[in-house]
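Please open the model in your viewer and keep the sequence panel beside it, since each stop below begins with a selection.

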Amino acid sequence: MIIENLVGTYNIVGSNQDETDNTYKGTLTLSLDSNKRIIAKWFINNEQEQIGTGFFKNNILVINFSYQSDDDYTHKGVVVYHCISDTILDGF
């Protein structure tokens with residue numbers, strides 16, 4: 001798989017690592033900047049936007065992301081996706 005194949009919008013379903021049973025749904029839109037770096041935008045539960053940048057190698061996509069909570073605190077993290085196919089990403 002090549003990096004250009006990742007460009008597009010994906011439906012997402014997931015849960016956070018905070019040991020609760022809370023799940024979320026949304027979309028992940030991936031694009032490329034002029035240097036072929038990944039630009040990621042998540043829109044979760046129709047209310048929260050998260051943004052990030054990342055890289056792709058050996059069918060692994062790594063994205064550093066951040067978002068602001070309701071109390072204006074900036075949360076940061078990393079998500080890792082295994083690219084199973086052009087349309088399926090499995091991540092944590």
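**Stop one: the salt bridges**

Begin by selecting E4 and K36, whose side chains meet in a salt bridge with a distance of 2.7 Å from N to O. E4 belongs to the segment before β1 (8–15) and K36 to the loop between β2 and β3, so the pair ties together parts that are 32 residues apart in sequence. Bear in mind throughout that this is a predicted model. With a relative accessible area of 33%, E4 is partly exposed.

Keep K36 selected and turn to its backbone, where phi is near 60°, a positive value in a residue other than glycine. Most residues other than glycine have a negative phi. The loop that holds K36 runs between β2 (23–32) and β3.

How many salt bridges does the count come to? The count comes to two, and for the other pair you should select R37 and D33, whose closest N and O atoms are 2.8 Å apart. R37 is partly exposed, at a relative accessible area of 47%, and D33 is likewise partly exposed, with a value of 22%. Side chains of opposite charge can pair when their charged atoms come close.

**Stop two: I44 in strand β3**

Next select I44, which is placed in strand β3, a strand that spans residues 38–44. Is I44 buried or exposed? Its relative accessible area is 9%, and because buried means under 20%, I44 counts as buried. Show the surroundings of I44 and, leaving aside neighbours within four places in sequence, you will find I12, Y24, K25, G26 and Q50 in contact with it. If you also draw a distance from I44 to L28, which is 16 residues away along the chain, the two C-alpha atoms are separated by 8.6 Å.

**Stop three: V13 in strand β1**

Move on to V13, which lies in strand β1 and is exposed, with a relative accessible area of 68%. Once residues up to four places away in sequence are set aside, V13 touches Y24 and K25, and these two residues are also among the contacts of I44. A C-alpha distance from V13 to N45, 32 residues apart along the chain, comes to 9.8 Å.

**Stop four: a negative patch and a positive phi**

Now select E47, D70, D71 and D72 together, as these residues form a negative surface patch. Within this group, E47 lies in the loop between β3 and β4 (48–57), and E47 is exposed, with a relative accessible area of 66%.

From there, follow the chain to N58, which lies in the loop between β4 and β5 (60–68). N58 has a positive phi of about 50° although it is not a glycine, and at 66% relative accessibility N58 counts as exposed.

**Stop five: F92 after strand β7**

For the last selection take F92, in the segment after β7 (89–91). Which residues does F92 touch, not counting those up to four places away in sequence? The contacts are Q17, V78, V79 and V80, and for one of them, V79, the C-alpha atom is separated from that of F92 by 5.7 Å, although the two residues are 13 apart along the chain. Even with these contacts in view, F92 counts as exposed, at 61% relative accessibility.

Definitions and conventions. Residues are numbered from 1 along each chain as its sequence is written. This is a predicted model: local features need pLDDT of at least 70, side-chain atom pairs count only at pLDDT 80 or more; totals for chains, interfaces and linings use all residues. Side-chain values use heavy atoms; hydrogens and water are left out. Helices (H or I, at least four residues) and strands (E, at least two) are DSSP runs, numbered from the N terminus. Buried means under 20% relative accessible area, exposed over 50%, partly exposed in between (1.4 Å probe, protein chains only). Contact means heavy atoms within 4.5 Å. Patches are made of residues with over 30% relative accessible area and no salt bridge: like charges are joined within 9 Å, nonpolar side chains (Val, Leu, Ile, Met, Phe, Trp, Tyr) within 5 Å. Accessible areas come from the Shrake-Rupley method with a 1.4 Å probe; for residues, only the protein chains shown count as cover. A salt bridge is a side-chain nitrogen of Lys or Arg within 4 Å of a carboxyl oxygen of Asp or Glu. Lys and Arg count as positive and Asp and Glu as negative; His and the chain ends are not counted. The place of a charge is taken as NZ of Lys, CZ of Arg, CG of Asp or CD of Glu.
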